[in-house]
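Me: I have a structure open and want to talk it through. Can you keep the answers short?

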Amino acid sequence: VQLQASGGGLVQAGGSLRLSCTASGGYSSNYVMAWFRQAPGKEREFVAAISRAAISTYYSDSVKGRFTISRDNAKNTVYLQMSSLKPEDTAVYYCAAGFRTTAQAMGIRPHDAVDAWGQGTLVTVSS
């Protein structure tokens, strides 16, 4: 499966932004989907994940209550709605897919759970 992320940009602190990630070369409904991010000078970190049928979601503590992950399997697309953005949310955001895994595992053991990475989309939050 190939993943294409979009929707990044420049936004002021307190604003909102929605990222999209479209899968091709396979059915996204077969995959657990997730978002990760990497800030300048830092390691890539988990943001959120969603199960195949969108029954369960899993978030990092740093975004819980502000970000919402969702998916539309008919469109092979996963979304990340980001609200109340902070300057520390500035990062390159990556979508990822895992085949034989769970949403929680994508957050806890990404090296084992992620089977495919998309290219990143840059989100910059100004103060």
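Me: Before anything else, what does buried mean here, and what does exposed mean?
Reply: Buried means under 20% relative accessible area and exposed means over 50%, with partly exposed in between. Keep in mind that this is a predicted model.

Me: Then Asp89, buried or exposed?
Reply: Asp89 has 1% relative accessibility. The cut-off for buried is under 20%, so Asp89 counts as buried.

Me: Where is Asp89 in the chain?
Reply: Asp89 lies in the loop between strand 8 (77–82) and strand 9 (91–98).

Me: And what is Asp89 in contact with, sequence neighbours aside?
Reply: Leaving out neighbours within four places in sequence, Asp89 contacts Arg37, Arg66, Phe67, Ser84, Val123 and Val125.

Me: Let's zoom out. How many helices and strands does the protein chain have?
Reply: There are 2 helices and 11 strands. Along the sequence the pattern reads β-β-β-β-β-β-β-β-β-α-α-β-β.

Me: What about the radius of gyration?
Reply: The protein chain has 13 Å, and a compact globule with 127 residues would have a value near 14 Å, so the two agree. The C-alpha trace spans about 40 × 25 × 25 Å along its principal axes.

Me: How much of the protein chain counts as buried?
Reply: 45% of the 127 residues. The accessible surface is about 6500 Å², and carbon and sulfur atoms make up 47% of that.

Me: What share of the contacts comes from residues 24 or more positions apart?
Reply: Such residues account for 59% of the contacts with a separation of 6 or more.

Me: Now the open sheet of 4 strands. What is the order?
Reply: The order is 1-3-8-7, and the pairing is antiparallel. Strand 1 (2–6) and strand 7 (67–72) are at the edges with a single partner strand each, so each has one side without a neighbour in the sheet. From one strand to the next the twist averages 15°.

Me: How many bridges between strand 1 and strand 3?
Reply: Strand 1 pairs with strand 3 (residues 17–24) over 5 bridges, in the antiparallel sense. Ser6 sits opposite Ser20 of strand 3.

Me: On to the largest nonpolar core. Which residues touch the most other members?
Reply: Trp35, Leu80, Met82 and Tyr93 do, out of 29 residues in that core. Two or more residues each come from strand 1, strand 3, strand 4 (32–38), strand 5, strand 7, strand 8, strand 9 and strand 11 (121–126).

Me: Which residues is Tyr93 in contact with, again without the sequence neighbours?
Reply: With neighbours within four places set aside, the contacts of Tyr93 include Leu19, Trp35, Phe36, Val47, Leu80, Met82, Gly120 and Val123. Arg37 and Phe67 are also in contact with Tyr93, and both of those contact Asp89 too.

Me: What is in the second, separate core?
Reply: That core has 11 residues, among them Val32, Ala34, Ala49 and Val114.

Me: Last topic, backbone angles. What is the phi of Ala54?
Reply: Ala54 has a positive phi of about 65°, although it is not a glycine. Ala54 is in the loop between strand 5 (45–50) and strand 6 (57–59).

Me: How accessible is Ala54?
Reply: Ala54 has a relative accessible area of 38%, so it is partly exposed.

Me: And Asn76, what is its phi?
Reply: Asn76 is not a glycine either, and its phi is positive at about 55°. Asn76 is placed in the loop between strand 7 and strand 8.

Methods. Residues are numbered from 1 along each chain as its sequence is written. This is a predicted model: local features need pLDDT of at least 70, side-chain atom pairs count only at pLDDT 80 or more; totals for chains, interfaces and linings use all residues. Side-chain values use heavy atoms; hydrogens and water are left out. Buried means under 20% relative accessible area, exposed over 50%, partly exposed in between (1.4 Å probe, protein chains only). Contact means heavy atoms within 4.5 Å. Two strands pair if DSSP finds at least two bridges between them. Axes are lines fitted to C-alpha atoms, for helices over the stretch in contact, and angles run from 0 to 180 degrees between N-to-C directions. The radius of gyration is taken over C-alpha atoms; the globule rule is 2.2 Å times the number of residues to the power 0.38. Accessible areas come from the Shrake-Rupley method with a 1.4 Å probe; for residues, only the protein chains shown count as cover. A nonpolar core is a set of buried Ala, Val, Leu, Ile, Met, Phe, Trp, Tyr and Cys residues joined through side-chain atoms within 4.5 Å.
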